[in-house]
Amino acid sequence: GKVRINLDTAGDDHDIYYDGENAQIYGTILDLAGAPVVFCELSEIAGPAENCNVYTITRDKALELTFSGADKYVGKTIRVDCYAQKTSGATQLTITADKFAGNYYVEADTLFREQYSGEDMPAVITIPNVKIQSNFTFSMAASGDPSTFTFTMDAFPAYTYFDRTQKVLAAIDFVGEENIHPDEAGATTDDTCAEPEVHFDSIEAGVQEDWEKTSYPEDPKNINWNDLGNNLQATIDLANVDFTGNLNRVDNWTAFSENPDDLTGYYYPMRITTEPGSKIIMTTHDGGTKECTIEDGTLEMIKAIRPEEPVYTVTLENESGDQQEYSFDFSKVVFK
């Protein structure tokens with residue numbers, strides 16, 4: 001009536017989690033065809049030392065399980081269902097009613113049939129910014145055939161990797177060895193790689209030596225802005241700005257802002273240089289907007305960053321009212 005699980009049996013799943021309530025261990029007697037016939041409840045667990053409900057099987061210590069009523073089925077096969085703790089090599093996507101999955105960049109491969117030749121040719125569908133809805137559908141069948149997990153994504157305008165001039169909901173690229181369509185007269189020159197007319201002259205990441213100040217005078221935490229992060233760099237690619245480096249966590253830093261939405265724990269210092277009199281318009285974490293006029297053409301600022309929402313839309317407006325949207329991308333930043 002006992003089951004003994006050693007390290008050879010458990011393998012990489014040697015950390016067994018059992019709390020007696022939610023994460024339980026079940027035993028099922030199987031017939032000769034492998035079908036379940038009798039369910040047995042766990043009555044005793046012994047063996048490895050318990051550490052926070054985790055029983056770690058080692059080479060010298062096996063896990064011994066006793067199931068009530070199982071002694072009547074000696075010689076039969078029992079299937080043990082349990083939870084094994086995974087500390088690496090596992091990724092979980094959680095969809096709840098109040099916390100949604102992050103934003104994703106989706107690429108899908110498909111085929112399209114060319115009208116002139118009738119050939120099937122490859123195409124790539126790119127949706128640069130999607131969020132997964134909380135409603136989903138599972139389909140299961142008794143046949144054991146592979147099933148599908150159907151979920152719905154909401155698409156939002158964003159830049160694709162290779163075109164920073166306009167935001168799109170989706171882009172479809174048809175891939176062929178040559179141009180199979182007839183040449184069209186009056187084709188225009190491709191200027192998609194031109195620098196935006198309203199642009200940043202430079203964005204310097206990190207605290208610069210000639211900054212007017214490197215701390216708030218009445219900061220109770222006495223935070224030196226140089227300690228917010230290291231190896232900080234900013235790269236401008238047309239209408240996209242990629243930020244890299246390491247940011248150190250600072251909890252409850254109210255000297256920067258007392259707005260709860262700004263207390264993200266991570267703050268990225270930078271200096272922006274552009275045409276004097278320009279205005280920078282940023283979307284705040286609470287859904288509003290914040291405007292700041294760059295009077296002399298230089299703005300030293302600290303941006304509060306949410307690791308779960310690393311991409312921000314920033315609008316630069318010159319004195320003539322011309323605007324250009326930029327994508328501030330912090331997805332390559334390491335949050336410590």
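## Around strand β19

Four bridges hold β16 and β19 together, and the two run antiparallel. Strands here are DSSP runs (E, at least two residues) and helices are H or I runs of at least four residues, all numbered from the N terminus; two strands pair if DSSP finds at least two bridges between them. One of the contacts along this pairing puts S202 across from T273 in β19.

Zoom out a little and you get an open sheet of three strands, ordered β16-β19-β22, with antiparallel pairing. The edges are taken by β16 (202–205) and β22 (298–304), each of which pairs on one side only. From one strand to the next, the twist averages 25 degrees, going by lines fitted to C-alpha atoms, with angles from 0 to 180 degrees between N-to-C directions.

## What kind of model this is

This is a predicted model: local features need pLDDT of at least 70, side-chain atom pairs count only at pLDDT 80 or more, and totals for chains, interfaces and linings use all residues. Residues are numbered from 1 along each chain as its sequence is written, and side-chain values use heavy atoms, with hydrogens and water left out.

## The chain as a whole

The chain has one helix and 24 strands. Its radius of gyration is 29 Å, well over the 20 Å that the globule rule gives for 336 residues, so the chain is more spread out than a compact globule. For the record, that radius is taken over C-alpha atoms, and the rule is 2.2 Å times the number of residues to the power 0.38. Along the principal axes, the C-alpha trace spans about 90 × 70 × 35 Å.

As for burial, 32% of the 336 residues count as buried, meaning under 20% relative accessible area (exposed is over 50%, partly exposed in between; 1.4 Å probe, protein chains only). Take the contacts (heavy atoms within 4.5 Å) between residues at least 6 apart in sequence: 61% of them join residues at least 24 apart.

## The five-stranded sheet

Towards the start of the numbering there's an open sheet of five strands in the order β1-β7-β4-β3-β8, again with antiparallel pairing. β1 (2–5) and β8 (77–81) stand at the edges with a single partner strand each, so one side of each is left without a neighbour in the sheet. Neighbouring strands of this sheet are turned by 35 degrees against each other on average, direction ignored.

Inside the sheet, strand β3 (residues 26–30) and strand β4 (residues 36–46) run antiparallel, joined by five bridges. G27 stands opposite C40 in β4, and L30 stands opposite P36. These two strands form a hairpin with five residues between them, where G34 takes a positive phi near 85 degrees. β4 also pairs with strand β7 (residues 63–67), in the antiparallel sense and over four bridges; there, L42 has F67 as its bridge partner.

## Strand β24 and its partners

β24 deals with two partners in opposite senses. Strand β18 (residues 240–247) runs parallel to β24, with seven bridges between them, and G245 is bridged to V333 in β24. Strand β23 (residues 311–317) also has seven bridges to β24, but in the antiparallel sense, with V314 partnered to Y326. β23 and β24 form a hairpin with five residues between them, and G321 in the turn has a positive phi of about 90 degrees.

## Rings

How many aromatic pairs are there? The count comes to 13, where rings of Phe, Tyr and Trp (its six-membered ring) pair if their centres lie within 6.5 Å; planes under 30 degrees apart are stacked, over 60 edge-to-face and the rest tilted. Take Y268 and F330: their ring centres are 5.3 Å apart and their planes sit at 65 degrees, so the pair is edge-to-face. Y268 is in strand β19 (residues 267–273) and F330 in strand β24 (residues 323–335), so the pair ties together parts that are 62 residues apart in sequence. Y268 is buried at 0% relative accessibility, and F330 is buried too, with a relative accessible area of 0%.

Both belong to a cluster in which ring pairs link F200, F243, Y268, Y312, Y326, F328 and F330. Y312 also has the charged end of K303 sitting over its ring, 4.4 Å from the centre; the cut-offs for that are NZ of Lys or CZ of Arg within 6 Å of the ring centre and within 35 degrees of the ring normal.
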